[in-house]
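Got the model open in your viewer? Here's a short walk through it, one selection at a time.

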Amino acid sequence: MKLKYVYDLVDSFAPFALSREYCEKHDGYDNSGILLDCGEEITNVLFSLDLSCEAVKRAKAQGANCIVTHHPAIYSPLHALRADGEGAEMLACVQCGISVVSAHLNLDCARGGIDDCLMRGLGGERAEATLYPLTDGGYGKVFRVEEQDFSSFVSRVQDAFCTARTVAYGSGRVKKVASFCGAGTDEDTVKFALEQGADTFVSSDGKHHHIAALIGRGLNVLMLTHYAAEQYGFSRFYENMKKILSESGVRAELFADERFL
């Protein structure tokens with residue numbers, strides 16, 4: 001199997017055109033696609049949220065010669081490749097003949113992608129509003145959930161996302177949630193949640209002044225770790241890819257880094 005087949009398979013679920021559309025419409029930046037092509041036939045694929053040293057070790061151990069990541073393996077320019085420093089993970093892939101494909105904003109925004117999965121994991125079924133709508137999908141959701149107290153909501157989310165590492169503020173009822181996968185706490189998402197009448201805000205990597213603004217307006221705030229919030233949807237993406245790859249005789253495995261859950 002050629003690497004282009006893996007790229008096309010990812011593209012069929014999360015079109016790379018969504019990344020380009022998001023960047024053009026919403027002044028974003030991304031670096032998704034084939035980031036390293038070693039030219040070999042692909043026989044075994046590892047799926048990992050990040051291109052980490054641990055992920056490369058796992059790929060080598062299982063004989064994988066392709067890694068599919070969510071976060072771009074090369075995001076900002078690499079000025080050098082050093083075995084013990086900058087670009088170490090990419091250098092290790094080059095040395096071992098491991099090709100790399102990354103699906104970032106396109107996988108965030110696709111229907112059934114990571115942002116959609118975050119909503120569903122939180123108990124939502126349909127978005128009433130989307131912050132950044134795209135041709136087919138979008139980012140940032142506001143949705144209804146079964147009414148409950150905030151402590152019960154937090155406990156259920158911790159179970160669903162298999163993590164105890166959360167930061168929670170609030171004690172009110174939960175009926176209408178605004179959620180944003182990844183580092184989704186900023187001026188735009190805070191404004192959107194308030195304008196849409198959400199009573200609960202869920203994201204990751206929140207800065208104090210944004211959290212304070214939400215709490216000051218009476219919202220509950222739940223911060224998941226960036227990894228847990230996105231591994232939830234990435235694992236479901238992997239299951240879809242694994243099924244199709246196995247039908248073509250290619251093995252696939254999901255790497256979950258327990259250090260971040």
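**Starting at a strand pair**

Select Ala168 and look straight across: Leu222 in S10 is its opposite number. Keep in mind as you go that this is a predicted model. Now widen the selection to S7 and strand S10 (residues 220-224): the two run antiparallel and are joined by 4 bridges. Add helix H9 (residues 208-216), which packs on the sheet and touches S7, S9 and S10. The direction of H9 makes about 150 degrees with that of S10.

**The whole sheet**

Next, show the full set of strands. There are 6 of them in an open sheet with mixed pairing, and reading across you get S5-S6-S8-S9-S10-S7. Strand S5 (127-134) and strand S7 (166-169) are the edges, each pairing on one side only. Going from one strand to the next, the twist averages 20 degrees.

**Into S8**

Pick strand S8 (173-179). Is S8 mostly covered or mostly uncovered? Mostly covered: 5 of its 7 residues are buried. On one pairing, S6 and S8 run antiparallel with 6 bridges between them; select Asp149 and you'll find its bridge partner in S8, Arg173. The other pairing, S8 with S9, is parallel and has 3 bridges. For that one, click on Ser179, which stands opposite Val202 in S9.

Now bring in helix H8 (residues 187-195), which lies across S5, S6, S8 and S9. Relative to S5, H8 runs at about 150 degrees.

**A stop at Leu118**

Ser179 comes up again when you select Leu118, since it is among the contacts of Leu118. Leu118 belongs to helix H6 (residues 114-121). Why does Leu118 count as buried? Because its relative accessibility is 1%, and the cut-off for buried is under 20%. Beyond its neighbours within four places in sequence, Leu118 is in contact with Phe161, Ser179, Phe180, Cys181, Leu224 and Ala229. For a sense of scale, draw a distance from Leu118 to Pro77: these residues are 41 apart along the chain, with 30 Å between their C-alpha atoms.

**Last stop: the cavity**

How many cavities of 30 Å³ or more are there? The count is 1. The largest cavity has a volume of about 30 Å³. To see what surrounds it, select Ser48, Asp50, Ser52, Tyr227, Phe255, Asp257 and Phe260, which line the largest cavity. Colour that lining by residue class and you should get 3 nonpolar, 2 polar and 2 charged.

Conventions. Residues numbered from 1 in each chain as written. Predicted model: local features only at pLDDT ≥ 70, side-chain atom pairs only at ≥ 80, totals over all residues. Heavy atoms only, no water. Buried < 20%, exposed > 50% of the residue type's maximum accessible area, 1.4 Å probe, protein only. Contact = heavy atoms within 4.5 Å. 1 Å grid on protein atoms, 1.4 Å probe; cavity = no way out; pocket = protein on both sides within 12 Å on 5 of 7 lines; lining within 4 Å. Points joined across faces, edges and corners; volume = space filled by probe spheres on them. Nonpolar A, V, L, I, M, F, W, Y, C, P; charged D, E, K, R; others polar. Pairing = 2+ DSSP bridges. Axes fitted to C-alpha atoms, helices over the stretch in contact; angles between N-to-C directions.
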